[in-house]
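This briefing introduces a molecular structure to a reader who has not met it before. Please keep the sequence and the 3D view at hand while reading.

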Amino acid sequence: MASKIIFPITRVHEPLKVEVEIKGNQVVDARVGGILFRGFELMLIGRDPRDTALFTQRICGICSGAHAIAATMAQQQAFAVQPTRNGQHLQNLIFASDIIQNHLRHFYGLALLDYVRGPNMPPFTPRPNGDYRLPQKVNNELVAHLQEGLVKAAEAHELMAIFGAKAPHQQTILPTGVTERADVPSLMAFRSLLVRIREWVERYMVEDVLTIAHYYPDYYEIGAGYGNFISYGMFVNPTTGKREFQDGVIIGRGPLQPLDTTGITETVHYSWYEDDEPHRPPSEGITVPNVDKADAYTWIKAPRYKGLPVEGGPLARAWISGGYRRGVSVMDRLIARVQETEKICRLAEKWLEEIVAYGPSYEPFTVPAFGEGVGLTDAMRGPLGHWLKIKDGKISHYQIVTPTTWNFSPRDEQGKRGPVEEALIGTPVADQENLIEVGRVIRSFDPCFTCAVHTIDAPAAKPVVL
Amino acid sequence: MLSRREFVKLCMSAAITVSLTDMLLPIMREAYAQAKAEKPPVIWLELGSCTGNTISIGNGFNPSFVQLLRDIIDLRYHWTLNVVQGDQIVDVLYDTAQQTAGKFWLVIEGAVMTAENGRYNYIYSRNGQLVTGLAALQELAPKAKYVIAVGDCACYGGPAAAHPNPGGAKGVWDVIDRPVINIPGCPAHPDWMSGTFSHLALYGLPKLDSYNRPVMFFGRTIHELCERRQQFEDGIFAKFPGDKGCLFKVGCKGPVTHADCPLRQWNHYVNWPVKAGTPCIGCASPHFPDGMMPFFNHLPDIKTRTINANVKKVGKTLALLGVGAVGTHLAAGIFARRIHKHYVEGTKPHTPLPPENEIQLREETADLKQREKALATAAKELSHNKPRRRRRSWLRRFADFWQNRRKE
């Protein structure tokens, strides 16, 4: 049995250390660690509650829109305000363009280079030896698409900036809507750009992922994991009040269950924090960092749903909404992500029809001295929650649980592995020096450690009733 | 090839309707083809960052991000882009640093985590040992030709260093003992990055201000260039973000933020915050975010020992001083300092860090006095604008006197 450490795993957002045990030609055990600590939640204490959306989105450059939306939802509850109809639509459009951008950038910029020989120049060289199966002609075609795909990702951020002022880190979202007006020129600009991106996705991206799947069919069998899924749902539709993407939980590829947010707990057994309780709900979390803790190997806490590790992301949403249920594997995650990109483009086009041009996109509001709110939404990579409490007009408690915390959580106190650690078990290894297969499994989850490893909690507070 | 003066003019140009980077590509290509400049090898390290600046530079390039790599820089190490992983990529990093020592550029994204001697942020392992971001920076920086900090975190600590700063985040120039070129912004605008990179490749170091920012991008305030400046002058103020009118009273930090967003705008000239009705939050400022929060409260009234200026006067004073860039800078400095003190309650420790020695203390006091004087003068001039009582000439008075005498 050989133990291998890969650090850093490249083509993910921020540092990630992976330790795998290899026996025969298979991975038999894995530990995944996030190795950066910034402590955003503690910084929020004492600040103006209106600033949370703008401040928390700076946790992450790739999914800034998601943090803004979750923070805004928490504000809406705490301030007891509702967005205007147009405002909700515009928020959805900003968020949708950020997701489209993320999926394009992940597939073409990060994941594709695992399967395709990239352009012959740094940083795409040097390349690991072996296991590139595409014929030269197909390979060249995909490299051309790769370059175009990155341009499309930049265009999706242009889309976000039309109503969000700038991207990354939009600046217009308020609890009651969006400061930018929905005037006819910007709606037209949005529509034309959106249609262009959607057509490109349909024509190339969907094809490209199937091409990859055709040449790498064994990846339908690799990286399965538990088959437990969770989603908070995404995009509140102002007309129906429901979410366009359904929330729910699936355990062991079973039937869909309703989401029970009281079942969420966090444990720090293998993380660099001290705690006397085995696990706590996130709204009660306390955290004392301890870099010298024995056995610990990550800054990420281990969230569990009713004691079970669960996976979030496009595949989870596809299983929960029933759009795609072929299986659970590396390739399924890639395909679900691409299909979701197309679906979101279409949804965004539908919302554009419903917006009333020049209608009120926000309304003034005041901030109460006391209040609390919870913002739960799915982000690009899975479920994202923000918990907010206001006291004397200032933030007294803030808590964030991000998608990558769910996916890349370490073992819990019972020794049960996190979803990615479990997915790595059984991964074949051809060359122990390269471990290219391990990288493929990890990248299929689209890890983002900038989000996951920001956490240090505020001092203990009472539980929030969801 | 363009002359340096022409290049800087191009960068500062107000008439650009396409992104600056689009225009730079052919210039760079020509320069490299004629061997007038050498394509620099670049090591891009991410420390305590959000990857936002990498995303941002990817957004700036049309036709494609790959062309940036082909035509402007030779990006050897960047873990969000490199294909190989683990030990192999660490070898690439060290090979580049060794083979091109003294030639490569070190680009840093994200703040340096210094708490626990940097143990809050490991970035790779070498020979079985975990290496902290702090150690890697200290090892690589002396060998680099230029050290460039992109984004507010790398420049000045930024959001990562917000109070109480549990990770001990610091800007690169606070940690290493050599000049750093700072390109702030949250994230930095792609044009600011590519423009500075191009200038470095073609002409060497650009002109920097006291915060080590390239003057060609950060020489003027947002307020100075703002499209809603006229409404400020006319006293038309928005009551809530999103309303028409100048956003000063709902928290715009444009008057104290040096950047050219109004000219350049964001994401291929699509939009920028004030155009979208939301106040500038000063994300390119060295004092972001603590000095700029709360984002939706206006700049504080200024209280110094000698004068009391209120919000209404701030604009007039700034306009007065704004005639020269130096004046604006001075005023901005005072505001920044005052805001810092103003918001100390709640988000910052009550006492600012003490000066390290007596000389520093004396310098700081002298500096503060000088700034106060400048503002006092400006305020005085304002009060002199009242119509003066005209004195009658001695001839007129004599004539009046004579007339009155005659009447009697």
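The model shown here is predicted, and the notes below concern two sheets of chain A and a helix that lies across part of one of them. In one open sheet of chain A, three strands follow the order 15-16-17, and their pairing is antiparallel. Strands of a sheet pair through backbone hydrogen bonds, in either a parallel or an antiparallel way.

**The sheet of strands 15, 16 and 17**

- Strand 15 (371-379) and strand 17 (394-401) of chain A stand at the edges of this sheet with a single partner strand each, so one side of each is left without a neighbour in the sheet.
- From one strand to the next, the twist averages 15°.
- Strand 16 (residues 382-391) of chain A runs antiparallel to strand 17 of chain A and is joined to it by seven bridges, and A:Lys391 has A:Lys394, in strand 17, as its bridge partner.

**The helix across this sheet**

- Helix 3 (residues 64-79) of chain A lies across strand 15 and strand 16 of chain A, and runs at about 150° to strand 15.

**The sheet of strands 1, 2 and 3**

- Three strands of chain A form an open sheet in the order 1-2-3, with antiparallel pairing.
- Strand 1 (2-6) and strand 3 (26-34) of chain A each have a single partner strand and stand at the edges, which is why one side of each lacks a neighbour in the sheet.
- Neighbouring strands of this sheet are turned against each other by 15° on average, direction ignored.
- Five bridges pair strand 1 of chain A with strand 2 (residues 16-23) of chain A in the antiparallel sense, and the bridge partner of A:Ile6 in strand 2 is A:Val18.

Note on methods:
Residues are numbered from 1 along each chain as its sequence is written. Chains are lettered from A and ligands numbered from 1 in the order in which they are written. This is a predicted model: local features need pLDDT of at least 70, side-chain atom pairs count only at pLDDT 80 or more; totals for chains, interfaces and linings use all residues. Two strands pair if DSSP finds at least two bridges between them. Helices (H or I, at least four residues) and strands (E, at least two) are DSSP runs, numbered from the N terminus. Axes are lines fitted to C-alpha atoms, for helices over the stretch in contact, and angles run from 0 to 180 degrees between N-to-C directions. Two residues are in contact if their C-beta atoms, placed from the backbone, lie within 7 Å.
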